[in-house]
Amino acid sequence: MSFYGGIFDVDAKQRRLDDIEAITSEAEFWTNPKGARDVLREKGGLERLVGAFKELDSSLEDAEVMLEMIDAGEAGVEELGEINSSFETIDAACHKLETQ
């Protein structure tokens with residue numbers, strides 16, 4: 001999954017999340033409770049953001065498959081309604097992510 005920089009750099013956020021996982025597994029991590037709390041707060045935010053992007057990516061892939069089916073004549077009007085609903089949901093999710 002590849003997005004633009006800033007909040008859309010999901011790959012960088014996933015790498016940071018992986019780094020935090022490694023940090024939190026070290027024994028000395030818990031010796032500084034305030035530092036640990038700050039890192040865990042960052043971890044939680046990254047997990048939510050990365051999860052939301054992965055869910056959005058999956059929804060886009062599903063919509064793309066449905067569009068291909070419609071284009072190939074393998075699906076009809078009902079699926080077109082599903083795609084429209086999916087795009088509305090995807091659009092709302094994108095706007096929500098932009099404001100986080």
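A helix, as the term is used here, is a DSSP run (H or I) of at least four residues, and helices are numbered from the N terminus. By this naming, K34 and D38 both lie in helix α2, four residues apart, which is about one turn of that helix. The model described below is predicted. Its mean pLDDT is 86, and 92% of the residues reach 70 or more. This briefing follows helix α2, its surroundings and its salt bridges.

**Confidence in the model**

- Among the elements of the protein, helix α1 has the highest mean pLDDT, at 95, whereas helix α3 has the lowest, at 83.
- As a general caution, predicted coordinates should not be read in detail where pLDDT is low.

**Helix α2: length and end**

- Helix α2 covers residues 33-71, a run of 39 residues.
- At 1.5 Å a residue, this helix should span 57 Å; the C-alpha atoms at its ends are 56 Å apart, so the expected and modelled spans agree.
- Just after α2, residue G73 takes a positive phi of about 80°.

**Buried and exposed parts of helix α2**

- Buried residues occur along α2: A36, V39, K43, G44, L46, L49, V50, F53, L56, A63 and M66.
- The cover over these buried residues includes helix α1 (10-24) and helix α3 (77-98).
- L67 also lies in helix α2, but its relative accessibility is 37%, so L67 counts as partly exposed.
- Together with L60 and F87, L67 makes a nonpolar surface patch of about 230 Å².

**T24 in helix α1**

- T24 is placed in helix α1.
- The relative accessibility of T24 is 15%; because buried means under 20%, T24 counts as buried.
- Leaving aside residues up to four places away in sequence, T24 touches F29, W30, V39 and L40.
- One of these contacts, V39, is itself among the buried residues of α2.

**Salt bridges between helices α1 and α2**

- A search of the whole structure finds five salt bridges.
- In one salt bridge, the side chains of R16 and E42 meet at 2.9 Å, N to O.
- This pair links distant parts of the chain, since R16 is in helix α1 and E42 is in helix α2, 26 residues apart.
- Both partners count as partly exposed: R16 has a relative accessibility of 30%, and E42 has a relative accessible area of 32%.
- K43 forms a salt bridge with E21, and the closest N and O atoms of the pair are 3.3 Å apart.
- Because K43 lies in helix α2 and E21 in helix α1, this pair ties together parts that are 22 residues apart in sequence.
- The two partners fall into separate accessibility classes: K43, at 17% relative accessibility, counts as buried, while E21, at 37%, counts as partly exposed.
- E21 and K43 also belong to a network of salt bridges that includes E47.

**A salt bridge within helix α2**

- The side chains of K34 and D38 meet in a salt bridge, with a distance of 2.9 Å from N to O.
- Both residues of this pair, K34 and D38, belong to helix α2.
- D38 has a relative accessibility of 33%, so D38 counts as partly exposed.

Methods. Residues numbered from 1 in each chain as written. Heavy atoms only, no water. Helix = DSSP H or I, 4+ residues; strand = E, 2+ residues; numbered from the N terminus. Expected span 1.5 Å × (residues − 1). Buried < 20%, exposed > 50% of the residue type's maximum accessible area, 1.4 Å probe, protein only. Contact = heavy atoms within 4.5 Å. Patch = residues over 30% accessible without salt bridge, like charges linked within 9 Å, V, L, I, M, F, W, Y side chains within 5 Å. Areas by Shrake-Rupley, 256 points an atom, 1.4 Å probe, with all protein chains shown as cover. Salt bridge = Lys/Arg side-chain N within 4 Å of Asp/Glu carboxyl O. pLDDT = per-residue confidence, 0-100.
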